[in-house]
Amino acid sequence: MEMVKLTIDNKQVEVPRGTTIYKAAKLVGVEIPVLCYMDLKDLNIEHKPGGCRVCVVEVEGRRNLAPSCSTEVTEGMVVKTHSIRVLNARRTVLELLLSDHPKECLTCAKSGNCDLQNMAIKMGIREIHNEDIAEMSTYRMDTSPAIIRDLNKCIMCRRCETMCNDFQTVGALSAINRGFMSVVAPAFEMDLEDSVCTYCGQCVAVCPTGALTEVDHTRQLIRDLANPSKTVIVQTAPAVRAALGEMFDLPAGTLVTGKMVAALRRLGFKYVFDTDFSADLTIMEEGTELLDRLSRHLSGDKNVKLPILTSCCPGWVNFFESQFIDMLEIPSTARSPQQMFGSIAKTYFADKISVKRKDLVVVSIMPCLAKKYECTRDEFKVDGNPDVDYSVSTRELAHLIKQANIEFHSLPEEEFDNPLGESTGAGVIFGATGGVIEAAVRTAYELFTKKKLEKVDFMELRGMDGIREATIDFNGLPVKIGIAHGLGNARKLLEDIRSGKSSYHAIEIMACPGGCIGGGGQPLHHGNIEILKQRTAAIYREDASKPIRKSHENPYIVKLYEEFLGKPMSEKSHKLLHTHYVDKSKKIIYI
Amino acid sequence: MADYKIHLLVCGGTGCKSSESQILAEHLRNEIGNQGLKDYAQVVGTGCFGFCEKGPIVKIIPDNTFYTQVKPEDAKEIVEEHIVKGRKVSRLLYKDPKTEKIITDSKGMEFYKKQVRIALRNCGVIDPENIEEYIARDGYSALGKVLTSMTPEETIEIIKKSGLRGRGGAGFPTGLKWEITRQSPGKEKYVVCNADEGDPGAFMDRSILEGDPHSVIEAMAINGFCTGASNGLVYIRAEYPLAIDRLKNAIDQARHYGLLGEKIFGTDFCFDITLRYGAGAFVCGEETALIHSMEGGRGEPTMKPPFPSVKGYLGKPTNVNNVETFASVPVIINKGFEWYSSIGTEKSKGTKVFALAGKVNNVGLIEVPMGITLREVIFEIGGGIKNGKKFKGVQIGGPSGGCLTHKHLDVPIDYESLVAAGAMMGSGGMIIMDEDDCMVDVAKYFLDFTVDESCGKCTPCRVGNKRMHELLVNITKGNGTKDDIDRLMNLGNVIRDTSLCMLGQSAPNPVLSIIDNFREEYEAHIAEKKCPSGVCKALMIYEIVPENCVGCTACARACPVGAITGERKEIHRIDPSLCIKCGACMDRCKFNAVIVN
């Protein structure tokens, strides 16, 4: 590798050719402030549009200042990162950004976690020049079921565009208009709700300011909890317990299942249940569907289509409903664990505790923003009453716990309530990429081969590569499995299916990097894959610690079928646990 | 084919067309037909003659008679008198405003005397819609020469030695750019002609494409041969419909003649050209933004390096040159680099086309040798300031350039001298201001343009220029404070220092150069709340001079807002808090009693 020698702030440094000034400076301990820059190195995303100009530095012999994030070093370069010229420019640029930013820090969702605010604090900005005559670029507020766009707070860093277009390949967001009026918006300035947005929330996860935030349901939740005529119950997704601790300064990967349950109880939920339970239920339905399709396929039925695709990720469902409508019959019809939970809670469980459907409020704690949208879908309502009333993100839960003055660290470890709180290890691993399919394999193997599966850990299905594949031996039948996380990777697998190149029997797809543990509602990981890896490890630790690790062995699931559903894919199951998909493609074509 | 004895060249540029030159040409043809002279005289629609001030132009060949401001109804007289009887129509001839003498041949006119037309060599001379006329003027001989007798390296060497530099504004050495593109690895390369001309008032690229499209096509093919590209793209703004039509027509003809397409001149060289239309964003003249726009993306610039010569259109090496640069290439090949480099100054060779506009007598398109002074351009070619007013300043380089003043009149026009004086060559806009122009208002005008045209990608350009503009608006409203000049200078310098592309980096130039050269005008607006030129409305105060007022009430009746009070035969007064400064009272008063302070 060719090396380049240069001087940064009087320090000699030698770096490979192609290195940027910003990265070279880091090596000698000089941290140049950046704002629009984002390095999601492990996801192969380095966003360096050179737009904010906060990271400018002085390069000897150069006419103007250089953006350090996107200027490559050259031999003998002499760089000054904090000359007076640089400081004045940096401060002026920051003042310009602030001059077009609302001063709403008191009520802003990102306050305290805002890159722009942090930068203003660091630079000691006390006033905005010409504030009395400075016009603000204003844009209408756009509220969708999951994400709020408040573009008055947008600083045009364009990180969301990179996530939406380059990483997820969704293409819902791009810059429109120009100059002072430029904003990042869906095509033709549509509302997000009318666009191809999947609500994966990766844009929200990287937004440095309050321009993109989740729809807040904590206010509604507090009101419902305070309403004596309501019975408020909660379900928590597997990925939440592996990340919630980070919001309380615990190291990434700390499992806080028991403390989370305790906290939820103290918040006033009547019953604290586990989405892992309904994940086990999902495996019963989805696994049975897989086996059904597989055996019909093996017996030569030409009408059956393979591969079967998992359907528990709502971002992914939104993605194929708008961009792969020719393949709507391929995904499993099984509802997601969130929705299966809601459906069972408002029928089976409501009967058990003799509470009317309308008085039962089902709340979900999810690592996800698309879940907020999913529970509003008409398919998941009975007479207008939703199976799941609303969904609260991991971040929102943390804020609630803090609001309620609950000292998280000293909470005892508590257990979920029954009957919807018991789960197996298979339900837990839904939270990590590859987990759903591994859980399905554990059950499908035994149902198909009628043999006991001795080794339940399928290491070949785990990992962080964007696209993975493995062949599992079903007693002589090689079952080919594909896995993708991130919608850009999903697109590749789908295009292979479309062109007939795919030879998989089953594919698991998760919209977010790492699966749900990297969801749009989780504590911000800033692209640090180590955090994602630690969360994943926690998920598998919980799996390993469970006495039962196969969904079909969950006694409460067995009981549910005996008492209520009959058997997987029965008529009742179909009504309560399955769904159909909608062609949303017109959004792209006719608008 | 008829052997015409007389050719009537009628300007068919966009300017003259809008003054009915097409109808004029039609009338001339009809009259010639009526006189039975169809095989004797021919009407030819040409490109721009440049002397737009006096358009529409009709030039009669072979006697070189140059008729100015010709109307369709003059056609009959021209044919009957000049063509049939051989008598010049004297009322349509050009009269020198200084000597009052009639000049029949354009060569004798001040406007043309000091011009050297290289890029514009065929504009106003040939029919741009007829490839044979271009060929008859050595057209495509340079391409033939290069393809059949020279290597790409030899050709690039000629361009390098000629000293030709990019005419789009930055002045990068053209030959060097060609060499870098040639040396960039890659089988697939592209030649791009930047025809996204956007400076307010500038129209040289349009005129070349309208008047001599083949010169650009030929040069692009030569460039393709030199760099190893077989695809050419012209990025042209959709608001140039005539240029687009003529270019399309020229490309079709060139294909028909085998000058584009496969095996050109019987060699293995293949080259073809397609058009891409711009939607009229100024920033798309910046080459990286232009490339993104061609690729179907948002037209906004990206960091350089990588330069397009290394990584351009579709990620392939791409040679981007401006129209005027290309138009100069075939002549250089034909006449040699020695000839070309003998024109101009040490570092700026050849000629530059300028669009002369504003308060100058001879508005139009001119091509002058590098090194000519501003004084020669404005006072000789331009014929001085309109209506005998005093010269105040000249904005060179469009909204990216600077405003120069009296003390710069003897600055030679070349890349380095203009920059040293605080302006820049730019693409060739030259707007002349006189004593009636308010320089703060001029700065505001240009900044208004760049604020509107900023792509919004980088903070200093998106927000900074807006903030500077707000300060200027505030000053012209009389609300400026004494710190404003310092604020403008700091903001301007930071924007220059930190913006991503040249649009942002150069946007503060008009403001900063006007502070340099006309600081007292800013100060008058700020400290005295006065606009010395009487342009900034908000600073005007209409008053009635008691001695002159006879109390006729005419002004009060004319006032649309009821700001004037006074009884009949008594002195009237204007309430400044109501006055909207429309000037109706002043127009109406017969006694010079209304004045502006």
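**Cores, chain contact and one helix residue**

The largest nonpolar core has 338 residues, and those with the most contacts inside it are A:W316, B:V10, B:L28, B:V216 and B:I222. A nonpolar core here is a set of buried Ala, Val, Leu, Ile, Met, Phe, Trp, Tyr and Cys residues joined through C-beta atoms within 7 Å. A residue is buried if 20 or more other C-beta atoms lie within 10 Å of its own, exposed if 12 or fewer, and partly exposed in between, with C-beta atoms placed from the backbone. A second, separate core of 13 residues includes B:Y542, B:A563, B:C589 and B:V594.

This is a predicted model, in which local features need pLDDT of at least 70, side-chain atom pairs count only at pLDDT 80 or more, and totals for chains, interfaces and linings use all residues. Residues are numbered from 1 along each chain as its sequence is written, and chains are lettered from A and ligands numbered from 1 in the order in which they are written.

Between the chains, the contact (C-beta atoms, placed from the backbone, within 7 Å) takes 29 residues from chain A and 30 residues from chain B. On the side of chain A that touches chain B, α2(A) gives the most, with 7 residues. The residues of that side divide into 13 nonpolar, 12 polar and 4 charged; Ala, Val, Leu, Ile, Met, Phe, Trp, Tyr, Cys and Pro count as nonpolar, Asp, Glu, Lys and Arg as charged, and the others, Gly among them, as polar.

In chain B, B:E80 lies in helix α3 (residues 75-85); helices are DSSP runs (H or I, at least four residues), numbered from the N terminus. B:E80 counts as partly exposed because it has 15 C-beta neighbours inside 10 Å.

Methods:
Contact = placed C-beta atoms within 7 Å. Helix = DSSP H or I, 4+ residues; strand = E, 2+ residues; numbered from the N terminus.
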